[in-house]
Amino acid sequence: TMALTNGGTFFSFWLGNNDVLGYATGGASNPAIYTSTTDFETWFRTGLGALLSVPGTKGVVANIPNVTDIPYFTTINNGLITPAANGCAPGSAPSSALPFSLTAEQAAGLNMQYAAAGINPDFKEGKVNYFLITTPTGVRQMDPAKDLLILTTPTDSLGLGELKNCDCTTKGLRKGWGITKPIATNWVLDEAEVADITKRVEDFNGIIKTVVEEAANNERLALVDINKIFGEVANWTKVVNGINFTASIAPPFGAFSLDGVHPNARGSAFIANQFIDAINTKFGSSIPTVNPNNYPGNDLPQ
């Protein structure tokens, strides 16, 4: 309403991220907050149509990134979390969260324990093991290439391995989720859930593309393909003005804030440039871009 009544002539419209994101960040455990494609199309057409109902207005519209590519869903799988053991400084007793080691006796004992409960994991001796996860179809071992652990998974509760003193002498064994107890479904996006969420984003983006192309013969709207742009950043490091730029929370080059969801100032500047480029290309304007490296990212630990 404010946009329509205060004399504005140009708008930005970015709808749909949270219609998928909230469902995904909850481990796909609350279908009530998962927007259907039918509802999304109705709301998108209504909102954009209202903005275009004012004669002469123009705008820029963005589509939706694949939310499962953001650090909230990739940080643990990418091995960026290496929890300190027994209060030691990170790195003093290296033990990556994925995968974990077992002795032959431990592997056999866990397999027997789960078999008694009707579950058949395949724990093996050595550092070749992955966590047990709970999915809508049952308990199974995680495939780190396809299943995702969310950032808020209590990583101090994960895994079974050696606890070490700060001088790295062995203190004992640690048991945790994923080993003696499967990780609950609300901490996991399994392969099927990732595929469903990815398809929902694709459906939403198809609607966005269609509506933008239909609107006033596409003369009044610029479209930012954030999905494509972010997919490029998510899958490899980009170089922006000579400086590395990554879709991670890891300082100094990570472009996301520590919540793993929202871009930090540096990432926001990068996204702003994508909007500016789309506007300049569509409407022949000359809005200057900014240098993302002039904006703060995440600090290195002191």
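In the predicted model, strand β3 (residues 132-135) and strand β4 (residues 138-141) are paired in the antiparallel sense, with 4 bridges between them. The connection from β3 to β4 is a hairpin of 2 residues. Within this pairing, T135 lies opposite G138 of β4.

A separate set of strands forms an open sheet, in which 3 strands follow the order β1-β2-β9 with parallel pairing. The edges of this sheet are occupied by β1 (10-13) and β9 (221-224), each of which pairs on one side only. From one strand to the next, the twist averages 15°. The pairing of β1 with strand β2 (residues 58-62) is parallel and comprises 4 bridges; in this register, S12 has V60 of β2 as its bridge partner. In a regular strand, side chains point alternately to the two faces of the sheet.

Helix α3 (residues 37-52) lies across β1, β2 and β9, and its direction makes an angle of about 170° with β1. Helix α3 also packs against helix α6 (residues 191-214), at an angle of about 30° and with the two axes 10 Å apart. Since angles under 35 degrees count as roughly parallel, α3 is therefore classed as roughly parallel to α6. The crossing of α3 past α6 is right-handed. On the α3 side, the contact is formed by T37, F40, E41, F44, R45 and L48, and on the α6 side by R200, D203, F204, I207, I208, T210, V211 and E214. By residue class, this contact of α3 with α6 contains 7 nonpolar, 2 polar and 5 charged residues.

Helix α6 is also approached by α2, the axes of α2 and α6 coming within 10 Å and crossing at roughly 175°. Because angles over 145 degrees count as roughly antiparallel, α2 and α6 are assigned to that class. The residues in contact are D19, V20, Y23 and A24 of α2 together with D196, I197, R200, V201 and F204 of α6. They divide into 6 nonpolar, no polar and 3 charged residues. Residues R200 and F204 of α6 thus appear in the contact with α2 as well as in the contact with α3.

Across the whole structure, 11 aromatic pairs are found. One of these is formed by Y23 and Y34, which are stacked with a centre-to-centre distance of 3.7 Å and an angle of 10° between the ring planes. This pair links distant parts of the chain, as Y23 belongs to helix α2 (residues 17-25) and Y34 to the loop between α2 and α3, with the two tyrosines 11 residues apart. Residue Y23 is also among the α2 residues that touch α6.

A further helix pair is provided by helix α7 (residues 226-235) and helix α8 (residues 265-283), whose axes come within 11 Å and cross at roughly 140°. This angle makes α7 oblique to α8. The crossing of α7 and α8 is right-handed. Here I226, I229 and V233 of α7 meet F270, I271, Q274 and F275 of α8. The contact of α7 with α8 is composed of 6 nonpolar residues, 1 polar residue and no charged residues.

Key:
Residues are numbered from 1 along each chain as its sequence is written. This is a predicted model: local features need pLDDT of at least 70, side-chain atom pairs count only at pLDDT 80 or more; totals for chains, interfaces and linings use all residues. Side-chain values use heavy atoms; hydrogens and water are left out. Two strands pair if DSSP finds at least two bridges between them. Axes are lines fitted to C-alpha atoms, for helices over the stretch in contact, and angles run from 0 to 180 degrees between N-to-C directions. Contact means heavy atoms within 4.5 Å. Angles under 35 degrees count as roughly parallel, over 145 as roughly antiparallel, 65 to 115 as roughly perpendicular and the rest as oblique. A crossing is left-handed if the near helix is turned anticlockwise from the far one by less than a right angle, and right-handed if clockwise. Ala, Val, Leu, Ile, Met, Phe, Trp, Tyr, Cys and Pro count as nonpolar, Asp, Glu, Lys and Arg as charged, and the others, Gly among them, as polar. Rings of Phe, Tyr and Trp (its six-membered ring) pair if their centres lie within 6.5 Å; planes under 30 degrees apart count as stacked, over 60 as edge-to-face and the rest as tilted.
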